[in-house]
Amino acid sequence: MIRSLVLILAMAAPVPALAHNIISSVFPSGSDIEGEIGFSSGDMATDLLVEVFDEAGNKLGETVTDADGFFVFTPTQPVTHIFRGDLGAGHVAEVMMPAAEVAGLMGQEAAASKAAASVAAPTATAGLSGLSDQARAELATMIRTELRPLRQELSAYKNKNNLQTVLGGLGYIAGLFGLGFYIAARRKMEGGK
């Protein structure tokens, strides 16, 4: 009986899935939009054609990812930008940057964004007031470059450790306890006869 139970448990045990999630994100980078596309396994999409569309489906342009899975796109219209990259095997990365953020990149901030920027600007630039515009741009480029690996790791971590994984682990633990109580109760009933 115990052998059959162990066999059933071995057959019902989960096997590691070979599937992986797509990691894709976009963020402001000076007057450009910078983004990344890859897989949660850490493999990044290299030399991938990324097409850019507006909400109506009109093509705004295209770009290609570099060796690290990053791409840069310069917006020409203050509209919502949707970035799509076909990774093959049914994997399509799609990520969006809202029109308000794109307008902000182009210096055409919306009224709500201007109010928030006017409050945040004095504290953000207070320490950088002695720097020239070129030095600020170089500093911003260095910071973006240094933050790239951190963004990748954070995206991979979020995709790997989601709520479903945690709840699944708790379910397995509860199931093992239930199985242990069942076996103990069966032994007690058989021993009492």
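This report covers the fold, the aromatic contacts, the salt bridges and the surface of one predicted protein model.

**Confidence and overall build**

The mean pLDDT is 76. Of the residues, 69% reach 70 or more. One stretch falls well outside that group: over residues 110-126, pLDDT stays under 50. For this stretch the model has two contacts beyond four places in sequence.

The protein holds five helices and seven strands. From the N terminus on, the order is α-β-β-β-β-β-β-β-α-α-α-α. Contacts with a separation of 6 or more were sorted by distance along the chain; residues 24 or more positions apart account for 52% of them.

Buried residues make up 23% of the 193 residues. The exposed area of the protein is about 13000 Å². Carbon and sulfur atoms supply 62% of that area.

**Aromatic pairs between E5 and E6**

How many aromatic pairs are there? The count is two. Phe 71 and Phe 83 make a tilted pair, with 5.4 Å centre to centre and 40° between the planes. The angle explains the label, because a tilted pair is neither under 30 degrees, as stacked rings are, nor over 60, as edge-to-face rings are. Phe 71 lies in strand E5 (residues 70-73) and Phe 83 in strand E6 (residues 81-88), so this pair ties together parts that are twelve residues apart in sequence.

Phe 73 and Phe 83 also pair, here edge-to-face, at 6.0 Å centre to centre and 80° between the planes. This pair links strand E5, which holds Phe 73, to strand E6, which holds Phe 83, across ten residues.

Phe 71, Phe 73 and Phe 83 form one aromatic cluster. Is Phe 73 buried or exposed? Phe 73 counts as buried because its relative accessibility is 9%, and the cut-off for buried is under 20%. Phe 83 is buried too, with a relative accessible area of 1%. Phe 71 is likewise buried.

**Salt bridges**

Side chains of opposite charge can pair when their charged atoms come close. The model has four salt bridges. The table lists three pairs, including their N to O distances.

| Pair | Closest N and O atoms |
|---|---|
| Lys 59 and Glu 62 | 2.7 Å |
| Arg 84 and Glu 94 | 2.6 Å |
| Arg 186 and Glu 190 | 3.8 Å |

Lys 59 and Glu 62 also belong to a wider set: together with Glu 51 they are linked in a network of salt bridges. Lys 59 is partly exposed, with a relative accessible area of 44%. Glu 62 counts as partly exposed as well, at 45% relative accessibility.

The bridge between Glu 94 and Arg 84 has its closest N and O atoms 2.6 Å apart. This bridge joins two strands: Glu 94 is in strand E7 (residues 91-97) and Arg 84 in strand E6, ten residues apart. Glu 94 is partly exposed, with a relative accessible area of 47%. Arg 84 is partly exposed at 30%. Strand E6 therefore carries both Arg 84 and the buried ring of Phe 83.

Arg 186 and Glu 190 sit within one helix. Why are they separated by about one helical turn? Because they are four residues apart in helix H5. Arg 186 counts as partly exposed at 31% relative accessibility, whereas Glu 190 counts as exposed at 52%.

**A nonpolar patch on the surface**

Helix H5 spans residues 163-191. A nonpolar surface patch is formed by Val 166, Leu 167, Leu 170, Ile 173, Phe 177 and Phe 181. Together these residues have about 650 Å² of accessible area. Phe 177 is found in helix H5. Phe 177 counts as exposed because its relative accessibility is 54%, and the exposed class begins over 50%. By contrast, Phe 71 and Phe 83 are buried.

**An unusual backbone angle**

Most residues other than glycine have a negative phi. Asp 47 has a positive phi of about 50°, although it is not a glycine. Where does Asp 47 lie? Asp 47 is in the loop between strand E2 (32-39) and strand E3 (49-53). Asp 47 is exposed, with a relative accessible area of 63%.

Technical notes:
Residues are numbered from 1 along each chain as its sequence is written. Side-chain values use heavy atoms; hydrogens and water are left out. Patches are made of residues with over 30% relative accessible area and no salt bridge: like charges are joined within 9 Å, nonpolar side chains (Val, Leu, Ile, Met, Phe, Trp, Tyr) within 5 Å. Accessible areas come from the Shrake-Rupley method with a 1.4 Å probe; for residues, only the protein chains shown count as cover. A salt bridge is a side-chain nitrogen of Lys or Arg within 4 Å of a carboxyl oxygen of Asp or Glu. Buried means under 20% relative accessible area, exposed over 50%, partly exposed in between (1.4 Å probe, protein chains only). Rings of Phe, Tyr and Trp (its six-membered ring) pair if their centres lie within 6.5 Å; planes under 30 degrees apart count as stacked, over 60 as edge-to-face and the rest as tilted. pLDDT is the predictor's confidence in each residue, from 0 to 100. Contact means heavy atoms within 4.5 Å.
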